[in-house]
Amino acid sequence: MAALNKFDISGKHAIVTGGAQGLSRGMAEGLLEAGCKVVLMDVQEEKLMQVCEAYRAQGYEALGVSGNLADREDLNRMFDEAVKLLDGRLDVLVPAAGIQRRHLPEEFPVEEWDLVRKINLDHVWLMIQRALELMLKQPTGGKIITIGSMVSWFGGTTVPAYTATKGAVTQLTKSLAVDCAGRGININCLCPGYMDTEMCANMTQARKDECTLRIPAGRWGTPEDMKGPVVFLASAASDYLNGAVIPVDGAYLVK
């Protein structure tokens, strides 16, 4: 039983960005089910509040803060509001919000490049920096879980901005882990494979079929598949894990 106690995260306080839908919602739900108090962040205010209300009706401590993570001033406001809702303590940060835009490289609009970068990379860095300011003062330290992708290794197709930012997130994770290890902070990266979420809704059926054929598990992943990994990385069971980049992909990467 002593080993199982290492996975206990009940009573911890967490922030998950992008929590109104997709993998972010799945990870937030996993933390809630494990007994965490979680602030979910999203730009979709109405949807976010409905999600939080539904979780509270089930007895979970789910709170919502809505705003624009692409705007630095608004991001700082959101972080401050979240910390206040969490009574000044932050044990787990999952800056999971992400977007994807598809265009051929020569046709990629610069405004969309900038938006993808602001959400997928800048918001991750800025949230981590704010979180570290708080976590490094806490005797219990903290856990930070970033979200990469299969394109952290591969090039993808028609997603140059997404690929560039997800590659950067994995390298950022490694760099921060070097500086944070030994100071009570663990920072690791989960890299989902092909997941059945809203983000992949605009893929052609031919491309979906092509990807499915490569997945040894024989299926696409779901938000449910992210719950176990995120709970593990949020818990004391991962205390000696730092700078890891972990595929959650049904063995897609190694085929």
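Which residues in α8 are buried? I shall begin with that question, and I note at the outset that we are looking at a predicted model. In α8, the buried residues are K227, V230, V231, L233 and A234. They cover an arc of only 165 degrees around the axis, so they lie on the same side of α8. As general background, an α-helix has 3.6 residues a turn, so residues three or four places apart point the same way.

What do the buried residues of α8 pack against? Their partners are helix α2 together with four strands: β4 (92-94), β5 (142-147), β6 (185-192) and β7 (245-248).

Let me take the helical partner in more detail. Helix α2 spans residues 22-33 and helix α8 spans residues 227-234. The two pack at an angle of about 60 degrees, and their axes are 8 Å apart. At that angle, α2 and α8 are therefore oblique to each other. The crossing of α2 past α8 is right-handed. On the α2 side, the contact involves G26, M27, E29, G30, L31 and E33, and these meet K227, V230, V231 and A234 of α8. By character, the contact residues divide into five nonpolar, two polar and three charged.

I turn now to a second pair of helices, α5 (residues 110-135) and α6 (residues 160-180). Here the packing angle is about 15 degrees, with the axes 8 Å apart. Because angles under 35 degrees count as roughly parallel, α5 and α6 are described as roughly parallel to each other. Their crossing is right-handed. From α5, the contact is made by W113, V116, R117, N120, L121, V124, W125, I128 and L132. From α6, the contributing residues include P160, Y162, K166, V169, L172, L176 and C180. The contact of α5 with α6 comprises 16 nonpolar, two polar and two charged residues.

Finally, I would draw your attention to a single position, V51, which is found in helix α3 (residues 45-57). Is V51 buried or exposed? Its relative accessibility is 5%, and V51 therefore counts as buried. Leaving aside residues up to four places away in sequence, V51 touches G19, A20, R25 and L40. For one of these, G19, the separation from V51 is 32 residues in sequence, while the C-alpha to C-alpha distance is 8.6 Å.

To close, I return to the opening question: K227, V230, V231, L233 and A234 are the buried residues of α8, and their 165 degree arc places them on the same side of that helix. Thank you for your attention.

How values were computed: Residues numbered from 1 in each chain as written. Predicted model: local features only at pLDDT ≥ 70, side-chain atom pairs only at ≥ 80, totals over all residues. Heavy atoms only, no water. Buried < 20%, exposed > 50% of the residue type's maximum accessible area, 1.4 Å probe, protein only. Contact = heavy atoms within 4.5 Å. Axes fitted to C-alpha atoms, helices over the stretch in contact; angles between N-to-C directions. Parallel < 35°, antiparallel > 145°, perpendicular 65-115°, else oblique. Left-handed = near helix turned anticlockwise from the far one by under 90°. Nonpolar A, V, L, I, M, F, W, Y, C, P; charged D, E, K, R; others polar. Arc of directions from axis to C-beta.
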